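Work through the exercises below with the model open. Each task is followed by a solution in steps.

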Amino acid sequence: MAHEDVEFMKSMMRNLLKLQSLEFGETNNAGDIAVIAELRSKIPSQILGHYDRLRARGKKGLAAVRNQVCGSCHVQVPLGVVMTLKRGQDVQLCENCGRYRYPDSGEGKFASQVEVPVDPMLGHGHTGGQASG
Ligand SMILES: [Zn+2]
C-alpha cells in the first residue's frame, strides 16, 4: 500500500489550477510559456493527459466544489469526498462531468446573484373607435 504524499497532492492541484488559468487565457504575458512548461513538468502525465483531453474540447479540466456541489455540473458531492479533497488525500474525478474536483477556498465570499427584474409587457394603448360626427 503506497502512502500518498499529501503535500505533493496539494501542490499538484495548485499547479493544475494555475496551469488552467494560464492556458485559458486569463493572463497573456510572454513569460507564461515558460511557466506553463514548468507547471506541466510537475504534473503527473496521466492527470495532464486527462486535463489535455478536456482542454482539446474547450473544456476546463477542473471544477471547484462549493457547498458540496460540483461547480461545473452542479451534481451533489458526498461529504466524505469533500473532506478527502480538503485534506488533499486524493485526486477525485467528478463522475458526471469528468473534471478534477478541487475544494473551493473561497472563505465566506459568495458571488452575489444579480436578479434582473422582469418588466411586464407594457400594453400599448391602442386608439380605436373612430368618432364620426
Ligand atoms: Zn461535475
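**Exercise 1. Strand register**

Task: Find which residue of β3 stands opposite V65.

Solution. The model is predicted. Start at V65 and look across to β3: P103 stands opposite. Next, take the pairing of the two strands. β1 and β3 run parallel and are joined over 4 bridges. Then add the helix. α4 packs on the sheet and touches β1 and β3. The direction of α4 makes about 75° with that of β3.

**Exercise 2. Sheet layout**

Task: Give the strand order of the sheet and name its edge strands.

Solution. Begin with the order, which is β2-β1-β3. The sheet is open, has 3 strands and shows mixed pairing. Now look for strands that pair on one side only: these are β2 and β3, the edge strands. Strands of a sheet pair through backbone hydrogen bonds, in either the parallel or the antiparallel sense.

**Exercise 3. The chain as a whole**

Task: Write the succession of elements from the N terminus on.

Solution. Count first: the protein chain has 4 helices and 3 strands. Then read them off as α-α-α-β-β-α-β. Two totals complete the picture. Of the 133 residues, 12% count as buried. Among contacts between residues at least 6 apart in sequence, 55% join residues at least 24 apart.

**Exercise 4. The core**

Task: List the residues of the largest nonpolar core, then the elements that give two or more residues to this core.

Solution. The core has 12 residues. They are M13, L16, L19, L39, Y51, L62, A63, V65, V77, L85, Y100 and Y102. Next, assign them to elements. α1 (6–23), β1 (62–66) and β3 (100–103) each give two or more residues. Finally, take one core member, V77, and follow its contacts. Leaving aside neighbours within four places in sequence, V77 is in contact with V65, Q68, V69, C70, V82 and R101.

**Exercise 5. Buried or exposed?**

Task: Decide whether Q76 counts as buried or exposed, and say why.

Solution. Place the residue first: Q76 lies in the loop between β2 (69–70) and α4 (79–87). Then count neighbours. Q76 has 11 C-beta neighbours inside 10 Å. A residue is exposed at 12 or fewer. Q76 therefore counts as exposed. Now check contacts, leaving aside neighbours within four places in sequence: Q76 is in contact with Q68 and V69. Last, take a distance. Q76 and R66 are 10 residues apart along the chain, and their C-alpha atoms are separated by 9.7 Å.

Notes: Residues numbered from 1 in each chain as written. Predicted model: local features only at pLDDT ≥ 70, side-chain atom pairs only at ≥ 80, totals over all residues. Core = buried A, V, L, I, M, F, W, Y, C linked by C-beta atoms within 7 Å. Buried ≥ 20, exposed ≤ 12 C-beta atoms within 10 Å, placed from the backbone. Contact = placed C-beta atoms within 7 Å. Pairing = 2+ DSSP bridges. Axes fitted to C-alpha atoms, helices over the stretch in contact; angles between N-to-C directions.
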